[in-house]
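Biologist: Before I plan around this chain, I would like to go through the model with you, one question at a time.

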Amino acid sequence: MRKNVDKRHFTIEKKLNRRDFLRVFGLGAASLAAAGMPRVIFAGRQSKGPNVLFIGVDDLRPQLGCYGHRQMLSPNIDSLASQGVIFLRSYCQVPVCGASRASLLTGVRPCRDRFIGYDTWAEKDLPGGLTLPKHFKNNGYHSISNGKIFHHTNDCRDSWSQSPWRPKGPWRNYLTEKNRQLDRTVGSGPAFESADVPDNAYFDGMIADKAISDLRRLKNMDKPFFLALGFLKPHLPFNAPKKYWDLYKEKDIDLADNPFRPKGAPDAALHNWGELRSYADIPKKGPLPEKTARTLVHGYYACVSYTDAQIGRVLAELDRLGLRDDTIVVLWGDHGWSLGEHGLWCKHCNFETSLHSPLIVRAPGVSGPKKTNALTEYLDIYPSLCELCNLPIPAHLEGKSFVPLLKNPDIPWSKAVFSRYYNGDSVKTDRYRYTEWRRKSGEVYARMLYDHSVDLVENVNISELPRNKELVQKLSKMLESVRFNR
Ligand SMILES: [Ca+2]
C-alpha cells in the first residue's frame, strides 16, 4: 500500500488536503481493531471467516413488499429481509449510478469535484483509494465482481481476485429483433420490452447463473469469498421476460398522486428526465401520456420482480450448499427512482424519491426479522462489513458502522445523513429534508425544505417561510460539516 501511496502522491494531493490525504490512506491512524473498539458479531463456524454476498440492484427504489408496498411482488427479497434487518431510512450519497457506487465502494463522500456523474471512475476521482473489495482481498478474501459493481467494468481493477465479469452484448439488452435493429440503427429502442423468453435470456438471469456457478467453486476454496453481484434491472430500458409482466394487471397499477412541481420548489430541484427521453417511444418534451406512464410503472414492477427472482435463485443455492450460516448478505440499490412523482422520472434529483434507497442485511448471529428507523447512509456499508468480518476498519472511511443496529435496531443513532447531486447539498434529519444549491464561490442560489412529519412526499417547499429562517440556518450549518469545496 505504501508503495502505491508514494507513486500516486502528487495526483491525490491535488484532490485532497493534507489531513484528508492521511485519512484516505490510513496513515498515522491505527485501525479500530488495534484501538480496542468493540467487536461483534459473526457467529458462524468461522472456519475461514464469514463470506460476503454483496448484492447491488441498479436503480432499485425501496418499493418492495418488505418495505410495506402493497403492489410490488418481491417475495425473494422479502424473504431475505424476514431473516435479517431492514433499514427503513437508508440513503445513497449521490442519486446516480457511477458516483453512488464510487462513494459506497471507497467509503468516501462525494464533493464538488469528486463522484459527480453517472459515468464516474472511482480510480480517477480518488486515485489509489482503498476500495471495499480490495480491502477484503488484501485480508485474505477471494473477491469477485459479476455484473455492474463499479459503473465501469475495469474501474479499480485491482479490487478483484479475478477479471470482473459482465454478460456480453449491447447494454440495453433487447431480445426482439425489431428492438435490436432499432438499437443498432437509431441508437435507441423503446423504454421497455416483454419477450417470452427464459430468465437467463436477459442479463440478470445470466448473472444469477454465473453467481451459482461461482458459489459451487467458492465453497471448496480455502479462503472466504467476497462475491459482488450487480444486477442490472430495474434500470432502463424495462426489459424483462413476459411472465414477470404477467404478474401485474396494468389497469390496477397505481400512478403517483403528486405528478406536479412541489409548491415553491426552485428550478434547480427539477430536471427534464433526459435519460428516459432518449428512448424511441418517449416524447422529447412535456408530460407522459397516462397510458405510457402506466406501462412504464408496469415495466419497472416487472423488472423488479424479475431481478427479485434471480436473487432468489442465488440465495437458494447459498442454502443448498450449506453456506447460509457462514455468509453475510447485504442488498443495496444504488439510489432511488422517480416514478412520476413531481412530474419526474429517473433519478438525478435531491428529492426523497431519488435519495431514499433500500438496504437489507442478513448476518449469521443476527435474528430477524428486524426493522430499524435509524438514519443510515451507503457510506456506512463499508465499515459495517469490516466489523462483521473482523477486519481492520480503514482510517479514511467517512461512514459509521451500523452493526450495533443489527442487534438493537431502536437505539439512538445518527442525527443526520447527507447526499448531494451536482451543486445541491442535501441533509436528512429525523424530521426534515433540506437542500441548498451553491455556486463555486459559495453563494447559495436555491434551497428547499420539506417537513417530513406532515409532508413526507415533499409537495410544499417551506424554506422561504420567515418562521423557518433559523431552522434553515441550522440545517445549512449541518451541511458545512460535510461540504468540501476543494
Ligand atoms: Ca443506478
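Modeller: One term comes up throughout, so here it is at the outset: two residues are in contact if their C-beta atoms, placed from the backbone, lie within 7 Å. Please also keep in mind that this is a predicted model.

Biologist: Which residues does I77 touch, not counting residues up to four places away in sequence?

Modeller: I77 lies in helix α3, and the list leaves out residues up to four places away in sequence. With that restriction, the residues that I77 touches are L64, C66, D308, I311, L331 and I360.

Biologist: Does I77 count as buried or exposed?

Modeller: A residue is buried if 20 or more other C-beta atoms lie within 10 Å of its own. Because I77 has 28 C-beta neighbours inside 10 Å, I77 counts as buried.

Biologist: How many Å apart in space, C-alpha to C-alpha, are I77 and S305?

Modeller: In sequence, I77 and S305 are 228 residues apart. In space, the distance between I77 and S305, C-alpha to C-alpha, is 9.5 Å.

Biologist: Is α3 roughly parallel or oblique to α11?

Modeller: The axes of α3, residues 75–82, and α11 come within 7 Å and cross at roughly 50 degrees. Angles under 35 degrees count as roughly parallel and 65 to 115 as roughly perpendicular; with that crossing angle, therefore, α3 is oblique to α11.

Biologist: Which residues make that contact, and how do they divide by class?

Modeller: P75, N76, I77 and L80 of α3 meet D308, A309, I311, G312 and L315 of α11. By class, the contact of α3 with α11 has 6 nonpolar, 2 polar and 1 charged residues.

Biologist: How is α8 oriented relative to α11?

Modeller: Helix α8 covers residues 203–218 and reaches 22 Å from its first C-alpha to its last, close to the 22 Å expected at 1.5 Å a residue. The helices α8 and α11 pack at an angle of about 10 degrees, with their axes 9 Å apart. Angles under 35 degrees count as roughly parallel, which means that α8 is roughly parallel to α11.

Biologist: Which residues of α8 and α11 make the contact, and what is its make-up by class?

Modeller: From α8 the contact draws on D204, G205, I207, A208, A211, I212 and L215, and from α11 on Y306, T307, Q310, R313, V314, E317 and L318. By class, the contact of α8 with α11 has 8 nonpolar, 3 polar and 3 charged residues.

Biologist: What covers the buried residues of α8?

Modeller: Among the buried residues of α8 are F203, M206, I207 and L218. What covers the buried residues of α8 includes β3 (142–147), β5 (225–231) and α11 (290–320).

Biologist: How many residues of α4 are buried, and what covers them?

Modeller: Helix α4, residues 97–106, is mostly covered, with 10 of its 10 residues buried; among them are C97, R101 and T106. The elements that cover them include α5 (122–125), α6 (132–138) and α13 (381–388).

Biologist: Which residue follows α4, and what is its phi?

Modeller: The residue that follows α4 is G107. Its phi is positive, near 75 degrees.

Biologist: Over which residues is the pLDDT below 50?

Modeller: The chain averages a pLDDT of 91, and 90% of the residues score at least 70. There is nevertheless a stretch with 61 contacts in the model beyond near neighbours in sequence where the pLDDT is below 50, namely residues 1–46.

Key:
Residues numbered from 1 in each chain as written. Predicted model: local features only at pLDDT ≥ 70, side-chain atom pairs only at ≥ 80, totals over all residues. pLDDT = per-residue confidence, 0-100. Helix = DSSP H or I, 4+ residues; strand = E, 2+ residues; numbered from the N terminus. Expected span 1.5 Å × (residues − 1). Buried ≥ 20, exposed ≤ 12 C-beta atoms within 10 Å, placed from the backbone. Axes fitted to C-alpha atoms, helices over the stretch in contact; angles between N-to-C directions. Parallel < 35°, antiparallel > 145°, perpendicular 65-115°, else oblique. Nonpolar A, V, L, I, M, F, W, Y, C, P; charged D, E, K, R; others polar.
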